[in-house]
Amino acid sequence: LGFLTLPLPSTEDQMGNSSSVPQVRAKDVKRVCDGNFGWLQKRGLTNTQQQKRWCAVHDLHLYYYESPRSEEPKGVVNLRGAIVSVSKRAKMSLEIETGALISEKGTEKRTYVFCTMGAEESRGRMDGANPDEVKRKQLNHAKKELERWKKILQEETAKTFTPA
């Protein structure tokens, strides 16, 4: 298996000074991200409308797309120096504070919120099942996904201070 080199954001993009997004296809990121991909819902702290996004983590970046077949990302979160934590403001969500551990001038400081998908959205409906049992299974699935994504993102952000 060979390595695929992805075009990374320019220095200007990494510092948050430009609105351009690297043109990396979802399928190319998926091939190199070691299973660190899946569906999340993106929301803001002010614009709280949730948007379903297919996400992939690679090389200190969280790419998010409309679907795993998208030709270009809707956005990229720079994980260099970011802090990832379970949100105290939004249920079953992670907050990513970009640039929190970086003091370089021009580093983007922003908080992103990503919510786990409910089991009914990621695995289809469970027709005929007891509604309480369905809710319990959905909650368990969402908790597992939250922990999985937290681990993925925290491991990736730790690379900020790991020598190459």
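Here is a walk through a set of paired strands and the aromatic rings that sit among them. Keep in mind that this is a predicted model.

Let's start at strand β1, residues 37–43. Five of its seven residues are buried, so β1 is largely enclosed by the rest of the structure. It has a neighbour in strand β2 (residues 51–58), joined to β1 by six bridges and running antiparallel to it. Strand β7 (residues 110–116) also pairs with β1 in the antiparallel sense, this time over four bridges. Leu-40 is a handy place to see both pairings: its bridge partner in β2 is Arg-53, and its bridge partner in β7 is Thr-116.

Now follow the chain from β2 into strand β3, residues 61–65. These two strands make a hairpin with two residues between them, and Asp-59 in that hairpin takes a positive phi near 50 degrees. Five bridges hold the antiparallel pairing of β2 and β3, and you can spot Cys-55 standing opposite Tyr-64. β3 goes on to pair with strand β4 (residues 75–78), again antiparallel, over four bridges; there, Tyr-64 stands opposite Gly-75.

How much of β3 is covered? Five of its five residues are buried. His-61, Tyr-63 and Tyr-65 point one way from the strand, while Leu-62 and Tyr-64 point the other way.

Next, the rings. Searching the whole structure turns up three aromatic pairs. One of them is Phe-37 with Trp-54, a tilted pair at 5.6 Å centre to centre with 35 degrees between the planes. It links distant parts of the chain, since Phe-37 belongs to β1 and Trp-54 to β2, 17 residues apart. Phe-37 counts as partly exposed at 25% relative accessibility, whereas Trp-54, at 3%, counts as buried. Another pair is Tyr-64 with Phe-114, which is edge-to-face: 5.9 Å centre to centre, 65 degrees between the planes. Tyr-64 lies in β3 and Phe-114 in β7, so this pair ties together parts that are 50 residues apart in sequence. Both of these residues are buried. Ring pairs also link Phe-37, Trp-54 and Tyr-65 into a cluster.

A charge joins in with a ring too: the charged end of Lys-52 sits over the ring of Trp-39, 4.7 Å from its centre.

Finally, take a look at the surface. Ile-83, Leu-101 and Phe-161 form a nonpolar patch there, with about 290 Å² of accessible area together. Leu-101 comes from the loop between β6 (93–98) and β7, and its relative accessible area of 47% makes it partly exposed.

Technical notes. Residues numbered from 1 in each chain as written. Predicted model: local features only at pLDDT ≥ 70, side-chain atom pairs only at ≥ 80, totals over all residues. Heavy atoms only, no water. Buried < 20%, exposed > 50% of the residue type's maximum accessible area, 1.4 Å probe, protein only. Pairing = 2+ DSSP bridges. Patch = residues over 30% accessible without salt bridge, like charges linked within 9 Å, V, L, I, M, F, W, Y side chains within 5 Å. Areas by Shrake-Rupley, 256 points an atom, 1.4 Å probe, with all protein chains shown as cover. Salt bridge = Lys/Arg side-chain N within 4 Å of Asp/Glu carboxyl O. Phe/Tyr/Trp six-rings, centres within 6.5 Å; stacked < 30°, edge-to-face > 60°. Lys NZ or Arg CZ within 6 Å of the ring centre and 35° of its normal.
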